[in-house]
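Here's a friendly walk through a structure you may not have met before. Have a look at the sequence and the model, then read on for the details.

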Amino acid sequence: MTALQLLVIIITASFDKAVSRGEDGMCKLVDNKAKMGHVIADITNVADLDPDSETMKEIRSKLVENGVIVIRNQNLTRQQQVDFTSKLGREVIRLPGSFNGDDPELGFPEIARASNYFYNGTWKGRRNCFGCYWHKDGNFLHSQFLASILYADTISSNNSATMFLDNCGVYEKLTRKTRQQLAESVFTVSVRDIPDFQDGTEEDLTLYPDYARHPGLYRHEGNGRQCVYITVSLVTEGGEAVEQLTDAWKEVTERGEKYVHYWRRGDLVIWDNLGVMHRAGDKGFSGPGDRSPRILYRTQAFL
């Protein structure tokens, strides 16, 4: 068993009992004070929105304010999702094809498929689970103020879920010792350390910096809140791996407000990676192990 696997087991035990479904069976705040999961209603098709419209301004504002927002009942083509992403942010992010686990969305380099089936219809198997660990999208980049947009195109089981944790709200809940430890820490992460990119080609890996640096505590550049930066795959500049900061990690994952989104077709969920971290699944290290088709499409943009 590797140190990372041991850390995942420890983390799993810490919040396994904290999550339950909402009355509609779709989503629930673990702490009813959390603002994550704010629903913006009455949008027929986000692709029709003007980038300077009041609705788009509300989406951007609520995203920075709440960390995670939900827009339901969408029916998007791949091109429409890309177009919406370009309207939401200042620059759409395009990751190399080899980072997609041999499962590209052909013709759309902006899109990553989050599915238990390959593009050719082959089941990925019970052990496949993309993103089944706490992380921030794009943490291998120097800038973390980016939005992820995940659209549920096909959902045939109500067990598909994504969990989010408020990295800013948790600061006030940490002990003085942990705050001090994080204040004195600067983390580094390399694109080579991202578990989901383990099959990336050398040509693609060299497109990114050797290491991105992130202070353990930082001010959110969109709302000014004091936030905590700690996820899997990080190493301190002093050489300590996250596994060696078990007490701090346990505090963050146990005390941080969480929101679980249970997916249904047509859901469009947008989150601010500077403010929250996320993981696939609703508890434990469980991932999409059954054959019920789930096809979600993710795009990203710098804010």
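## Charged pairs

Let's begin with Lys62, which is partly exposed at a relative accessible area of 22%. That label comes from a simple scale: buried is under 20% relative accessible area, exposed is over 50%, and partly exposed is in between, using a 1.4 Å probe and protein chains only. Before going further, keep in mind that this is a predicted model, where local features need pLDDT of at least 70 and side-chain atom pairs count only at pLDDT 80 or more, while totals for chains, interfaces and linings use all residues. Residues are numbered from 1 along each chain as its sequence is written, and side-chain values use heavy atoms, with hydrogens and water left out.

What does Lys62 pair with? Its salt-bridge partner is Glu65, which is partly exposed too, at 35% relative accessibility. The two sit three residues apart in helix 2, so about one helical turn separates them. Helices (H or I, at least four residues) and strands (E, at least two) are DSSP runs here, numbered from the N terminus. As for the pairing, a salt bridge is a side-chain nitrogen of Lys or Arg within 4 Å of a carboxyl oxygen of Asp or Glu. Side chains of opposite charge can pair when their charged atoms come close.

Searching the whole structure turns up 13 salt bridges. Three of them are set out below, with the gap between the closest N and O atoms.

| Salt bridge | Closest N and O atoms |
|---|---|
| Glu65 and Lys62 | 3.7 Å |
| Asp153 and Arg78 | 3.4 Å |
| Arg192 and Glu202 | 2.8 Å |

Now for Asp153 and Arg78, which form a salt bridge. Asp153 belongs to strand 6 (residues 146-155) and Arg78 to helix 3, so this pair ties together parts 75 residues apart in sequence. Are these two buried or exposed? Asp153 counts as buried at 17% relative accessibility, and Arg78 is buried with a relative accessible area of 14%.

The salt bridge between Arg192 and Glu202 links distant parts of the chain, 10 residues apart: Arg192 is in the loop between strand 8 (186-189) and helix 5 (202-205), and Glu202 is in helix 5. Both partners are partly exposed, Arg192 at 43% relative accessible area and Glu202 at 47%. Elsewhere, salt bridges with shared partners join Arg72, Arg264 and Asp267 into one network.

## One side of helix 3

Arg78 has buried company in its helix: Gln81, Val82, Phe84, Thr85 and Leu88 of helix 3 are buried as well. These residues span an arc of only 160° around the axis, which puts them on the same side of helix 3; the arc is that of the directions from the helix axis to the C-beta atoms. What covers them? The cover includes helix 2, strand 4 (91-92), strand 6, strand 14 (268-272) and strand 16 (294-302), where contact means heavy atoms within 4.5 Å.

## The disulfide

How many disulfides does a search of the whole structure find? It finds one, formed by Cys168 and Cys227 with their sulfur atoms 2.0 Å apart. A disulfide here is a pair of cysteine sulfur atoms within 2.5 Å. The torsion about the S-S bond of Cys168 and Cys227 is about 85°, so the disulfide is right-handed. Cys168 lies in the loop between strand 7 (161-166) and helix 4 (176-183), while Cys227 lies in strand 11 (residues 226-228), so the pair ties together parts 59 residues apart in sequence. Both Cys168 and Cys227 are buried.

## Two loop residues with positive phi

Asp42 isn't a glycine, yet its phi is positive, near 65°. You'll find Asp42 in the loop between strand 2 (38-39) and helix 2 (54-66), exposed at a relative accessible area of 81%. Asn73 is not a glycine either and has a positive phi of about 60°. Its home is the loop between strand 3 (68-71) and helix 3 (78-88), and at 62% relative accessibility Asn73 counts as exposed.
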